[in-house]
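Please look through the sequence and the model below, with attention to how helices pack against one another and where nonpolar side chains gather.

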Amino acid sequence: MTRIQANLFLLFSGAIWGAGFVAQSTAMDAIGPLWFIGLRFAIATLVALPLALLEKKQAATPLPRNAMRNFVFVGLALFGGAVTQQYGLLTTTVTNSGFLTGLYVVFVPVLTVVFLRRRPHWVIWPAALLAAFGIFLLSGGALSALTGGDMLTIVCALFWAVQLMLVGLFAPATGRPMLLSMTQFAVCAVAGCVLAGLFEPLSLDAINGALPQILYAGIFSSGIAFICQVVGQRYTTAPQAAIFLSSEALFAALFGVLLLGESITPVGYVGCAVIFLAMLAVELVPELTKKRREAAQAAV
């Protein structure tokens, strides 16, 4: 695969995830948030199952002790993110949800220094302030304009950050990324269906009404996009991968405008750009400064 083809794979993943926000939003016209989460991740579990079985056959070492328990913790963090994001979409736009969810790129290093005592790259702190300013602009230049859904989506970004931090801790020690994916999907499916059975009604009409969105979120957002990401990142550089995968937020805004008729104020567009700049800075500046430092050392 050429680098151009790999980058197209990553761009395709961003487009799938961006459109996924539309599917998540429109699905709730027919079905409750918890049932959507439970059914979506049940399908995602089935998508990941054959990959996890193949991975098991090819594994050179047995699964470490306590690995499954750790994978369940990852799943609980993912479920927290899924719930807050889904409920947030009840009172916020697809565009806002896409960009605010992307704040996990800034939150991950902050949580790492707080809980793991690891010193982050210097760019984290200005990027965090930049992202906060972007949120202020996205709200229309008045914090009172932020809806409850926007606040839930910011909490969602924190859950995603915790999930990514846990994956960073547990995945390298096991070498079983597909099993981890399947387990976290299964945790979300079980938790979603159990809570939905307690708090939300369900009918065949509701399932049929949201079936296209459920299938899209389960098969494409959690299945094909993940595979494209894994394949694409084998043949491109980390900075390019960050740029193309961060396109998820831009595609969320694009599909929100094209498919749902949403609109963004001029100040809101500036806010989106500022948040996107903060996300890219967190990903790109450490890589660029690392290469510059390596080049200087090589010259000496």
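Is the crossing of H2 and H3 left-handed or right-handed? In this predicted model, the crossing of H2 and H3 is right-handed. The residues that make this contact are Pro33, Leu34, Phe36, Ile37 and Phe41 on the H2 side, and Leu78, Phe79, Ala82, Val83, Gln86 and Tyr87 on the H3 side. Sorted by class, the contact of H2 with H3 comprises 10 nonpolar residues, one polar residue and no charged residues.

The geometry of the pair can be stated in further detail. Two packed helices are described by the angle between their axes together with the distance between those axes. For helix H2, which covers residues 33-58, and helix H3, which covers residues 67-88, the angle is about 135° and the axes lie 9 Å apart. Because angles over 145 degrees are needed to count as roughly antiparallel, H2 is classed as oblique to H3.

Between these two helices runs a loop, and Asn66 has its place there. Although Asn66 is not a glycine, it has a positive phi of about 70°. With a relative accessibility of 39%, Asn66 counts as partly exposed, since that class lies between the limits of 20% and 50%.

A second pair of helices offers another case of packing. The axes of helix H4 (residues 94-101) and helix H11 (residues 247-260) come within 8 Å and cross at roughly 175°, and H4 and H11 are therefore roughly antiparallel to each other. Here Val94, Thr95, Gly98 and Phe99 of H4 meet Ala249, Leu250, Ala252, Ala253, Gly256 and Leu260 of H11. The residues of the contact of H4 with H11 divide into seven nonpolar, three polar and no charged.

From helix pairs we can turn to the nonpolar cores. The largest nonpolar core contains 37 residues, and those with the most contacts inside it are Ile31 and Phe41. The elements that contribute two or more residues to this core are H2 and H3, together with helix H7 (148-174), helix H8 (177-199) and helix H9 (204-232). Phe41 is also one of the H2 residues in the contact with H3. As for Ile31, once its neighbours within four places in sequence are left aside, it is in contact with Phe36, Leu39, Leu202, Ala206, Ala210 and Ile214. Apart from this core lies another one, of 26 residues, which includes Leu100, Val123, Leu146 and Leu284.

How values were computed:
Residues numbered from 1 in each chain as written. Predicted model: local features only at pLDDT ≥ 70, side-chain atom pairs only at ≥ 80, totals over all residues. Heavy atoms only, no water. Axes fitted to C-alpha atoms, helices over the stretch in contact; angles between N-to-C directions. Helix = DSSP H or I, 4+ residues; strand = E, 2+ residues; numbered from the N terminus. Parallel < 35°, antiparallel > 145°, perpendicular 65-115°, else oblique. Left-handed = near helix turned anticlockwise from the far one by under 90°. Contact = heavy atoms within 4.5 Å. Nonpolar A, V, L, I, M, F, W, Y, C, P; charged D, E, K, R; others polar. Core = buried A, V, L, I, M, F, W, Y, C linked by side-chain atoms within 4.5 Å. Buried < 20%, exposed > 50% of the residue type's maximum accessible area, 1.4 Å probe, protein only.
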